[in-house]
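Open the model in your viewer and keep the selection tool at hand. The stops below go from one selection to the next.

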Amino acid sequence: MITALALLGYAACAAWCVPVLLAPLTRRGASVRAGLAAWLTAMASVLVSAAVAIQFSLRTVAADWPQLTRALCRSVAGGACTPAVYGSVVYQAGVIVLAVSLTLAGAVAAWRYGRRVRRSRAQTRSHARAALLVGRAIAGQARTVMLDDPRPAAYCVAGRPAAIVVTSGALAVLDPPQLAAVLAHESAHLAHGHHALATVTRGLAAAFPGVPLFTRGAAEVARLTEMAADDTATRSSGRPALVTALIAIATGAAVSSAAAAGAGIRGAAAPAGTMAAAARAVPDRVERLLRPSSRARAAAFAAALTLALTLLAAAPPALTFLATR
Amino acid sequence: MHGFGELEAVLMQRIWDHGGTLTVRDLFEELRGERNIAYTTVMSTMDNLHRKGWLARERDGKAYRYKPVASREEYSARLMREAMAGAGDTEAVLSHFVAQMDGSESAALRAVLAKLRDALP
């Protein structure tokens, strides 16, 4: 009982407190990998704690069951109903209510998660299939198609096979190096399995609506995977092409990547702090590319995130050990 | 399996480009000049596309005449609607290069760009 309560208390506290602590550490994407690992570890830590709490309270119910039935019997019998028995009935009823409600909550969450993941997988696959059938192949690019639409957009969709879609509106505002950067970004998502992270985190957000760790966490994981794909695209296509491609698609107006490279968009000539504190994906990404974190800053953030990750991973086993001792 | 999906795409593109209705024979004759392909392959692929709801067909003598259920533009529009819908409306996992921006985000981006322009010569 103590163990179950300790783990539940931790899970509830972490589900509401961790987002407040982690979000400032991962917002600027100083250390993308450590950030992703920290968010995912936090989610796993809370889920494991809740699952172990359910298991402990179920075990308590099973162990106390004979005693409970005896107590109930005596209380119905009347005269034998001593205060000790009465107290124990309340205690055990409490345990049963806790176990049953936790199990129900777990079952509802699992059902919501499963429904969301199944639907999302079906829709994702059918979108990819249709895109590959309807879109016109882009020369020299496997699994990459163009759809006619004046709105500039580019996206990838997981599936069997996966597809990368670029609209005619996007092609109209991108020069060849920028298109290469966009395709490198989208390929990075597919190659690194970012869609799987999105499926799981969005499924958890659907399973636990209103729980900040999962709702905020899904959004933060999405932001971090964008930044991770930016980093991959920067390595192959260069920063000027990627930044100008972002701006071109976001604003719908062509920006020459060559001119930007000439003008020194590498980080050194970047504008100083322009952003308010709110989490805004596209401006944050542009700012991050224009003004990359220094090595020291990245290392400090990675260290802080690694510490948080270690504590989150250690919490469930530590609490279980301390409470059962 | 990949190859088969690719052939489906090739056939659909041909049928859309062609306009009107086509028999398996028409399409086979057209493709034979360009790629090594068997009549039965074209036939089974078109049958698959019919089963999956992409092609409608009607009997014309001994053969079927096929035509697209909807135009390429209609399918494109449907896909773009799904892709552009807000996160709540679509359950497909699409990863946009640039997510749809709200007003404050556009303003923030314009602010970055203004500073950028100042920073550039």
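**Where the strands meet**

Start by selecting β3 of chain A, residues 154-157, together with β3(B): these two strands run antiparallel and are joined by three bridges. The model is predicted. Within this pair, pick Val157(A), and opposite it you will find Leu94(B) of β3(B).

**The side of chain B that touches chain A**

Next, widen the selection to the contacts between the chains. Here 45 residues of chain A are in contact with 37 residues of chain B. On chain B, colour α1 (2-18), α4 (72-84), β3 (94-96) and α5 (103-119), the elements that each give two or more residues to the side touching chain A. Which of them gives the largest share? It is α5(B), with ten residues. Coloured by residue class, this side of chain B shows 23 nonpolar, eight charged and six polar residues.

**Along α4(B)**

Now select α4(B) alone. From first C-alpha to last, its 13 residues reach 18 Å, close to the 18 Å expected at 1.5 Å a residue. Show the side chains of Tyr75(B), Ser76(B), Leu79(B), Met80(B) and Ala83(B), the buried residues of this helix. They lie on the same side of α4(B), because they cover an arc of only 135° around the axis. Turn to the other side of α4(B) to see Glu74(B) and Arg81(B), which are exposed.

**Chain A as a whole**

Finally, select chain A. Its secondary structure consists of eleven helices and four strands. Of its 325 residues, 43% count as buried. Among contacts in chain A with a separation of 6 or more, 69% are between residues 24 or more positions apart.

Key
Residues numbered from 1 in each chain as written. Chains lettered and ligands numbered in written order. Predicted model: local features only at pLDDT ≥ 70, side-chain atom pairs only at ≥ 80, totals over all residues. Contact = placed C-beta atoms within 7 Å. Nonpolar A, V, L, I, M, F, W, Y, C, P; charged D, E, K, R; others polar. Pairing = 2+ DSSP bridges. Buried ≥ 20, exposed ≤ 12 C-beta atoms within 10 Å, placed from the backbone. Expected span 1.5 Å × (residues − 1). Arc of directions from axis to C-beta.
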